[in-house]
Amino acid sequence: QVQLVESGGGLVQPGGSLRLSCAASGSIFSINAMGWYRQAPGRQRELVARISSRGSTNYADSVQGRFTISRDNAKNTVYLQMNSLKLEDTAVYYCNADLQRVGVRGVFNYWGQGTQVTVSS
């Protein structure tokens with residue numbers, strides 16, 4: 001069994017900051033890429049940022065320069081530092097990971113349950 005648990009969402013004013021965390025737990029052998037996606041009401045889920053096991057990153061154009069993704073491999077945790085938040089950043093943010101479970105062949109994709117981020121004045 002594997003779980004991805006997000007935390008750190010909430011309500012923030014435009015221009016403010018939030019830091020999201022996502023901890024993976026369970027029978028994990030290794031974790032490849034980890035990332036954050038978001039879904040706003042009435043819109044499709046979209047990639048926000050992704051980080052490889054070696055630390056290579058990529059970002060959506062809409063968050064480039066404002067958001068920073070990082071990870072702590074010892075803690076199986078990925079972070080998303082969000083600065084200069086805008087109204088349009090409001091969404092449910094989901095953690096995602098490609099990982100291999102102990103005793104299971106192959107790499108599979110897992111999702112967290114999501115955390116709400118609301119940017120409002």
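Buried means under 20% relative accessible area, exposed means over 50%, and partly exposed lies in between (1.4 Å probe, protein chains only). With a relative accessible area of 17%, Tyr-37 is therefore buried.

Welcome to this structure, which is a predicted model: local features need pLDDT of at least 70, side-chain atom pairs count only at pLDDT 80 or more, and totals for chains, interfaces and linings use all residues. Residues are numbered from 1 along each chain as its sequence is written, and side-chain values use heavy atoms, with hydrogens and water left out.

**The rings around Trp-111**

Let us stay with Tyr-37 for a moment. Rings of Phe, Tyr and Trp (its six-membered ring) pair if their centres lie within 6.5 Å; planes under 30 degrees apart count as stacked, over 60 as edge-to-face and the rest as tilted. The structure holds 2 aromatic pairs, set out here.

| Pair | Centre distance | Plane angle | Arrangement |
|---|---|---|---|
| Tyr-37 and Trp-111 | 5.0 Å | 65° | edge-to-face |
| Tyr-94 and Trp-111 | 6.5 Å | 85° | edge-to-face |

Tyr-94 lies in strand S9 and Trp-111 in strand S10, so their pairing ties together parts that are 17 residues apart in sequence. Strands are DSSP runs (E, at least two residues), numbered from the N terminus, as are helices (H or I, at least four). Tyr-94 counts as buried at 14% relative accessibility, while Trp-111, at 38%, is partly exposed. Tyr-37, Tyr-94 and Trp-111 form one aromatic cluster.

Trp-111 has a charged partner too: Arg-45 lies over the face of its ring, 4.6 Å from the ring centre. A charge sits over a ring if NZ of Lys or CZ of Arg is within 6 Å of the ring centre and within 35 degrees of the ring normal. Likewise, the charged end of Arg-19 sits over the ring of Tyr-79, at 4.1 Å from its centre.

**The disulfide and the core**

There is 1 disulfide in the structure (a pair of cysteine sulfur atoms within 2.5 Å). Cys-22 and Cys-95 form this link, with their sulfur atoms 2.1 Å apart. Cys-22 sits in strand S3 (residues 18–26) and Cys-95 in strand S9 (residues 91–101), so the link joins distant parts of the chain, 73 residues apart. Both cysteines are buried.

A nonpolar core is a set of buried Ala, Val, Leu, Ile, Met, Phe, Trp, Tyr and Cys residues joined through side-chain atoms within 4.5 Å. The largest one here has 32 residues, and Trp-36, Leu-80, Met-82 and Tyr-93 have the most contacts inside it. Strand S9 supplies the largest share of this core, 5 residues. Contact means heavy atoms within 4.5 Å. Leaving aside neighbours within four places in sequence, Met-82 is in contact with residues including Leu-18, Leu-20, Phe-67 and Val-117.

**Salt bridges**

The structure holds 4 salt bridges (a side-chain nitrogen of Lys or Arg within 4 Å of a carboxyl oxygen of Asp or Glu). One of them joins Arg-50 and Asp-98 (2.7 Å, N to O). Arg-50 and Asp-98 are both buried.

Which residues are linked in a network of salt bridges? They are Arg-38, Glu-46, Arg-66 and Asp-89. Within this network, Asp-89 meets Arg-38 at 2.9 Å (N to O) and Arg-66 with the closest N and O atoms 2.8 Å apart. Asp-89 counts as buried at 0% relative accessibility, and Arg-66 is buried with a relative accessible area of 11%.
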